[in-house]
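Student: I am new to this structure and would like a close look at one part of it. Please take the salt bridges, and then set them against the rest of the chain.

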Amino acid sequence: MMALGLFVFLSGSRTYRYSVEGDGKSPYARIGRVFVAALKNSRAPPSEPFADLPQQSSEKFKFLNRALLAPNSELKDCSNLCTISEVEEAKVVLGLFPIWCTCLVYAIVLAQMSTFFTKQGATLDREIAAGFEIPAASLQSFTSLIIILFIPVYERIFVPITSAISGNPTGITTLQRIGTGIFLATLSMLAAAVVEVKRLEIAQEYALVDMPHVTIPMGVWWLIPQYLLIGVSDVFAMVGLQEFFYDQVPNELRSVGVALYLSIFGVGNFLSSFLISAIEEATSGEGRVSWFSNNLNRAHLDYFYWLLAGLSVVELAVFTYFANSYRYKKR
């Protein structure tokens with residue numbers, strides 16, 4: 001099937017036609033030229049071109065306005081002069097990075113669904129019927145099921161209600177949608193921490209602390225709140241992030257917008273690994289039990305979940321600050 005798909009793709013790529021918009025210049029080159037020109041003119045005094053900028057634009061990333069100046073306040077060759085639209089384009093792309101950075105903790109939280117959530121589930125009683133036990137790895141599919149079920153609820157119930165309140169056809173703005181997802185992911189970490197505390201208490205109560213391979217007499221259904229919250233947060237944040245980065249970049253940089261969206265989760269996974277390694281190094285050693293000990297009954301995943309919840313609260317506060325000051329691209 002893969003070979004057939006590749007054959008069809010290659011067959012169609014030879015006849016595919018695409019249009020080249022604008023002046024034919026690479027959008028990467030245009031944006032890069034703005035930053036280079038602004039750097040070259042960093043010591044030049046302000047000049048008349050600043051007055052031509054819209055008031056809204058001149059208040060944001062004002063250092064890029066210097067790309068409109070000619071060296072030594074002399075006029076440039078028109079072919080080398082940065083235009084107002086190019087400066088605006090560069091400002092739009094630069095304005096996305098604070099949002100990108102503040103969503104990395106959300107990606108770290110999301111990475112736990114396929115790692116420590118699964119390890120938690122592996123220690124619990126996963127039997128849902130006589131002789132039928134849910135595989136620990138399949139617990140992740142519960143999140144996908146939640147997403148499938150909640151999307152119609154979001155579109156048919158949530159959007160009309162919020163639209164009637166806010167007057168926005170989409171109910172809430174894209175950044176509000178992302179912020180809601182981050183908030184729900186924070187609640188998911190809090191729920192995971194509470195469940196882990198309960199799991200450790202039961203392990204101690206039944207003297208199973210040193211029996212890591214024995215099933216804890218605690219139903220796997222305890223994990224439903226954290227999976228439910230992380231699944232609903234996906235509907236808000238992941239969809240919102242994809243829409244935001246695709247919609248806010250210049251039209252010729254849509255592929256970059258998608259790359260920025262995907263890179264959040266790629267970098268988030270790397271940061272999650274780095275954080276776990278750092279904590280492992282700090283908490284393990286002679287006479288100490290690591291937070292991530294192979295024996296989960298002696299480990300402290302609850303501490304890790306509390307830490308991620310705290311980082312998420314900080315992230316949400318910083319995200320809210322940047323979201324409130326963000327100006328959407330004019331359509």
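Tutor: What follows goes through the salt bridges one at a time and then turns to the interior and the surface. The model is a predicted one, and every value below is computed from it.

Some background comes first. The protein chain has 331 residues, of which 41% count as buried. Its secondary structure consists of 11 helices and four strands. Taking contacts between residues at least 6 apart in sequence, 76% join residues at least 24 apart.

How many salt bridges does a search of the whole structure find? The search finds four. Three of them are described here, beginning with the pair formed by Glu86 and Arg33.

The side chains of Glu86 and Arg33 meet with a distance of 3.0 Å from N to O. Glu86 belongs to helix α4 (residues 84-102) and Arg33 to helix α2 (residues 27-40), so this salt bridge ties together parts that are 53 residues apart in sequence. As for burial, Glu86 has a relative accessible area of 6% and is therefore buried, since the cut-off for buried is under 20%. Arg33, at 23% relative accessibility, counts as partly exposed.

The next pair is Arg199 and Glu196, whose closest N and O atoms are 2.8 Å apart. Both residues lie in helix α8 (residues 174-205), three residues apart, so about one helical turn separates them. Are these two residues buried or exposed? Arg199 is buried, with a relative accessible area of 1%. Glu196 is buried too, at 0% relative accessibility.

In the third pair, Asp210 forms a salt bridge with Arg298, and the closest N and O atoms are 2.6 Å apart. This pair links distant parts of the chain, 88 residues apart: Asp210 is in the loop between α8 and β4 (216-219), while Arg298 is in the loop between α10 (254-283) and α11 (301-325). Asp210 has a relative accessible area of 54%, which makes it exposed because the cut-off for exposed is over 50%. Arg298, with a relative accessible area of 39%, is partly exposed.

Now the interior. The largest nonpolar core has 69 residues, and Leu241, Phe245 and Ile264 touch the most other members. Helix α8 gives the most to this core, with 10 residues. Helix α8 is also where the Arg199 and Glu196 pair is found. A second, separate core has eight residues, including Tyr154, Ile172, Leu184 and Val232.

Phe245 can be followed in more detail. Setting aside its neighbours within four places in sequence, Phe245 is in contact with Leu96, Ile99, Trp100, Gly257, Leu260, Tyr261 and Ile264. One of these, Ile264, is also among the three core residues named above.

Last, the surface. The accessible surface of the protein chain comes to about 18700 Å², and 64% of that belongs to carbon and sulfur atoms. Which residues form a nonpolar patch on the surface? They are Met1, Leu4, Phe7 and Val8, which together have about 510 Å² of accessible area. Met1 is found in the segment before α1 (2-13), and Met1 is exposed, with a relative accessible area of 84%.

To return to the salt bridges: Glu86 with Arg33 joins two helices, Arg199 with Glu196 stays in helix α8, and Asp210 with Arg298 links two loops.

Notes
Residues numbered from 1 in each chain as written. Predicted model: local features only at pLDDT ≥ 70, side-chain atom pairs only at ≥ 80, totals over all residues. Heavy atoms only, no water. Patch = residues over 30% accessible without salt bridge, like charges linked within 9 Å, V, L, I, M, F, W, Y side chains within 5 Å. Areas by Shrake-Rupley, 256 points an atom, 1.4 Å probe, with all protein chains shown as cover. Buried < 20%, exposed > 50% of the residue type's maximum accessible area, 1.4 Å probe, protein only. Contact = heavy atoms within 4.5 Å. Core = buried A, V, L, I, M, F, W, Y, C linked by side-chain atoms within 4.5 Å.
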